[in-house]
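Subject: A structure for you to look at

Hi,

Here is the structure I promised to pass on. Please open it alongside this email and follow the residues as you read.

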Amino acid sequence: MSFWLARERRGQDTGHIQRFDPRFWTVDFPRPMMASTVTTAPDALRVECEFHHRDALAGLIWWSEDTLDHPLLAYETDRDYTRTTLRFRWRSSGLVPLDQPHGPTLTIEGRDAQGQPRSWFVRLWNYAEGTPQDAVIELPFSALAGGWDISQGGDPVFPADIDRMFVSLAPPGYDPDSHALLPARANGWAEMSAIACDGERAMLEIGDVLLPPHGTGICTAYDDSYNQAPARLLRIMRGLGYRDTFVHYVGMSHYYRLQRVAGRLEASSAADLAAPAEAWHRNFFREAVTQGFAPIPSLSYELLNRDCPESWKQRAHDGTPALTGWDPPSTLLSPVNATALAFLRNTAGRFVQLLTEAGGASLFQIGEPWWWVTPDGKICLYDDAARTAFGGNPPVIADMRQPMDAAQTALLDQAGYRLFVSTASIAGKVRQIGGDGAHVRLLIFTPTVLDPEMPELHRANMPVTWAWPRFDMLQLEDYDWLTAGHEARRHAGYAFVQQRLGYPADRQEYLAGFVLRAEDADAYWRAIDAGLEEAAGRGVARSYVWALPQVTRDGFTRLPTPREDAMQAFDDVPYPLALGRDVSVGPEFSTSVATTVSGHERRASHWSDARLRFDVGPGIRSEEELGQLLAFFRARRGAARGFRLRDPFDFSSAGMAGAPGAADQHIGTGDGQTATFRLAKRYGEDNLDEKQVRFITRPRPGTVSVSIDGVAVSGWTLAHGGRIVFAVAPPAGAEIRAGFEFDVPVRFEQDRLDMSGLSFAAGEAPTVPLVELREEDA
């Protein structure tokens, strides 16, 4: 399947939205407070806030430039608000009201008439009619002024060059000069309804593409999208052709409610969700289900370090907490700490409850459960709860990269079993809440779990007790290896997981991605798209792209399979009749020849390889064979379906028809990472001549042999499309060669087969034309 990194629209469909459409407002705020925005009607939105400190302030933001949507779906940039008016009804509760100091203020950021950057502070109460908590507000941008009292004119806003504007939301007791905790957690909300914009610049052009469904899923993450309305995300997903199931990672830093413990804030042991996160997810799930999506909420064992109770953290033998490389860092929760596990279990249950209340199926993903390993190899099995679970004084594993003794490997096996127990506990809660229809997925990140420098780590992080059918679906993710080109590791990982856990292909799913840095987009998205195609070839049930923020940033556009490609059906069966020497074979090229006025020729060769045509009619020797041909023709539906044919004149890597050997044909040179090489046959005096290369897509499996630097080797498999896949990538500079016999992929040239019994009886051979199929990407 093809893809496109769309940097901008180039003639794609567009529509128009009213400026200040509620779907496109965002929120921002300093942590640890939380806020979210959701749409409640086509012309209305609601903001939920949860405050902890006196100086906490949220902003409800409108941007003049759309940097969050996919380029094919973004609204146009227009910084000019001249002669434009915004009207809405404002309602609020639990916030500083409109008429008070620090009440809702519209901060406008842009440039003045001389082009100098500046800001204006427009008190909304000056433009309101009603009460401080329920008022109709009208903002005429060409007659707008900042300041507390505008009776004398105030500070006139220059409306023609505005970058963004935001409405500030503050809690009662707000003090911008104090970071002290409020007396108690404060929750508040605000609504903007009957939003209307009129005037000269009231409408914005917006991308309006709607790609057909392409069968690939998408991943979202609350940590990356908490600032946007759910309706905006779902519009992007639908517009880009994503449908049905999608994975939604609830994150590690924004969903949970914070409680006060000994003067600090930490995640609530009651597993309560923060009010803004709960409101957002309730709206998200409801809108997704209404549009025909099937969300799969995902929860990992990861939590923002500064919010995590100390006793919940995994720790190394020297007390070092498990910290990731994110900034600020997250930490990993101990699978054997009862309170931490209860937090995970009950949080999972709450998200499934919200999903089922929205009418969705009870789907859930347990995301990447593992015992953390620090960059210097220390495995984090030694928090207090873990030490107790492992006998009080477990053997020390100071470096997972070093050889293990029996006691250490036994500890790793114990850790694996405890990890399994924790995941089973979470799955049990999901099934309790979700009922008989609950469907639990488990996600494994193979580059960490199967790190070749830590060959025993799988004991702790991929316990055999996870084996099929413990979970309904196994999901694998290997983006570190995928984007780095570590083919051999990826394939070896699939094989190891299959041998250890045994999930059928139709009970596996694949996650491809992600692209952390925009500068890697061109190379990484190509690898990701290839990974998605490879997963389809393995027969997995579904693949997902990780994740939506990178898709929108880089313009990744997954294109549906063209109809003509979808019709390239092939039956992997041989032509049933033996071919005699009287069969005709004709290779053809496509060359355009132009003759100049001087009589010279200019020739252009359009094909890199010949295409074969056959007439197999002369090989038919009896009425019985004629009947076989007719039956085979009907089974292929004429020209609709391809099949194998052995070319009697050219079917071997050794010359044309010799006995193949492992050193016959050069198929590639090793680079230490690439593990897949395509079988090919070269024609010409120099066997390495690149001018005439024929890729072999239908080799005969039992005839294939492979050599590296002239030595026949094993440790490889023959994959679809004539690809040799090594378990260990050949070393850099090594010459890879192969020998094989092969068939030609062909189809009947016509949908009609004319045969006459009288002519056949008189010895006249029928005409049965076949044509070769191009399968270079098979």
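Below is what was found, going from the whole chain down to single residues.

**The chain as a whole**

Please keep in mind that this is a predicted model. The chain has 778 residues, and 53% of them count as buried. Its secondary structure comprises 15 helices and 46 strands. Measured out along the principal axes, the C-alpha trace covers about 110 × 80 × 50 Å. If you take the contacts between residues at least 6 apart in sequence, 77% of them join residues at least 24 apart.

**Helix α14 and what covers it**

A good place to start is helix α14, which runs over residues 623–635. Its 13 residues, at 1.5 Å a residue, should span 18 Å, and the C-alpha atoms at its ends are indeed 18 Å apart. Which residues of α14 are buried? They are Glu-625, Leu-626, Leu-629, Phe-632 and Phe-633. These residues take up an arc of only 125° around the axis, so they sit on the same side of α14. On the other side of the helix, Glu-623, Glu-624 and Arg-634 are exposed. The cover over the buried residues includes the strands β30 (570–574), β35 (642–645) and β45 (744–748). After the helix comes Arg-637, with a positive phi near 55°.

**Rings**

The structure has 36 aromatic pairs. One of them involves Phe-633 and Phe-748: the ring centres are 4.9 Å apart and the planes meet at 75°, so this pair is edge-to-face. Because Phe-633 belongs to helix α14 and Phe-748 to strand β45, the pair ties together parts that are 115 residues apart in sequence. Both of these phenylalanines are buried.

There is also a cluster linked by ring pairs, made up of Phe-20, Phe-24, Trp-25, Trp-62, Tyr-75, Tyr-81 and Phe-141. Two arginines are placed over rings as well. The charged end of Arg-123 sits over the ring of Trp-148, 3.4 Å from its centre, and Arg-538 lies over the face of Tyr-510, at 5.3 Å from the ring centre.

**Backbone points to check**

Most residues other than glycine have a negative phi, and most peptide bonds are trans. A few places here are worth a look with that in mind.

- Phe-20, a member of the ring cluster, has a positive phi of about 75° although it is not a glycine. You will find Phe-20 in the loop between β2 (14–18) and β3 (26–28). Its relative accessible area is 0%, so Phe-20 is buried.
- Arg-83 has a positive phi too, of about 55°, and sits in the loop between β6 (58–63) and β7 (84–93). At 48% relative accessibility, Arg-83 counts as partly exposed.
- Asp-327 and Pro-328 are joined by a cis peptide bond, with omega about 0°. Pro-328 is in the loop between β22 (302–304) and β23 (330–332).
- Gly-513 and Phe-514 are also joined by a cis peptide bond, again with omega about 0°. Phe-514 lies in the loop between β27 (508–513) and α11 (521–538).

**Three buried residues**

Is Glu-48 buried or exposed? With a relative accessible area of 16%, Glu-48 is buried, because the cut-off is under 20%. Glu-48 lies in strand β5 (residues 44–53), and its side chain makes a polar contact of 2.9 Å with the side chain of Arg-46. Beyond its neighbours within four places in sequence, Glu-48 is in contact with residues including Met-34, Trp-189 and Pro-276.

Glu-266, in strand β20 (residues 264–267), counts as buried at 10% relative accessibility. Leaving aside neighbours within four places in sequence, its contacts include Arg-257, Asp-307 and Pro-309.

Leu-412 is in helix α6 (residues 406–434) and is buried, with a relative accessible area of 0%. Not counting residues up to four places away in sequence, Leu-412 touches Ile-379, Leu-381 and Met-400, among others. The C-alpha atoms of Leu-412 and Asn-461 are separated by 8.5 Å, although the two residues are 49 apart along the chain.

Happy exploring, and best wishes

Key
Residues are numbered from 1 along each chain as its sequence is written. This is a predicted model: local features need pLDDT of at least 70, side-chain atom pairs count only at pLDDT 80 or more; totals for chains, interfaces and linings use all residues. Side-chain values use heavy atoms; hydrogens and water are left out. Helices (H or I, at least four residues) and strands (E, at least two) are DSSP runs, numbered from the N terminus. Buried means under 20% relative accessible area, exposed over 50%, partly exposed in between (1.4 Å probe, protein chains only). Contact means heavy atoms within 4.5 Å. A polar contact is a pair of N or O atoms within 3.5 Å; within protein, one must be able to donate a hydrogen and the other to accept it, and residues adjacent in sequence count only if both atoms are side-chain atoms. The expected span of a helix is 1.5 Å times one less than its number of residues. The arc is that of the directions from the helix axis to the C-beta atoms. Rings of Phe, Tyr and Trp (its six-membered ring) pair if their centres lie within 6.5 Å; planes under 30 degrees apart count as stacked, over 60 as edge-to-face and the rest as tilted. A charge sits over a ring if NZ of Lys or CZ of Arg is within 6 Å of the ring centre and within 35 degrees of the ring normal.
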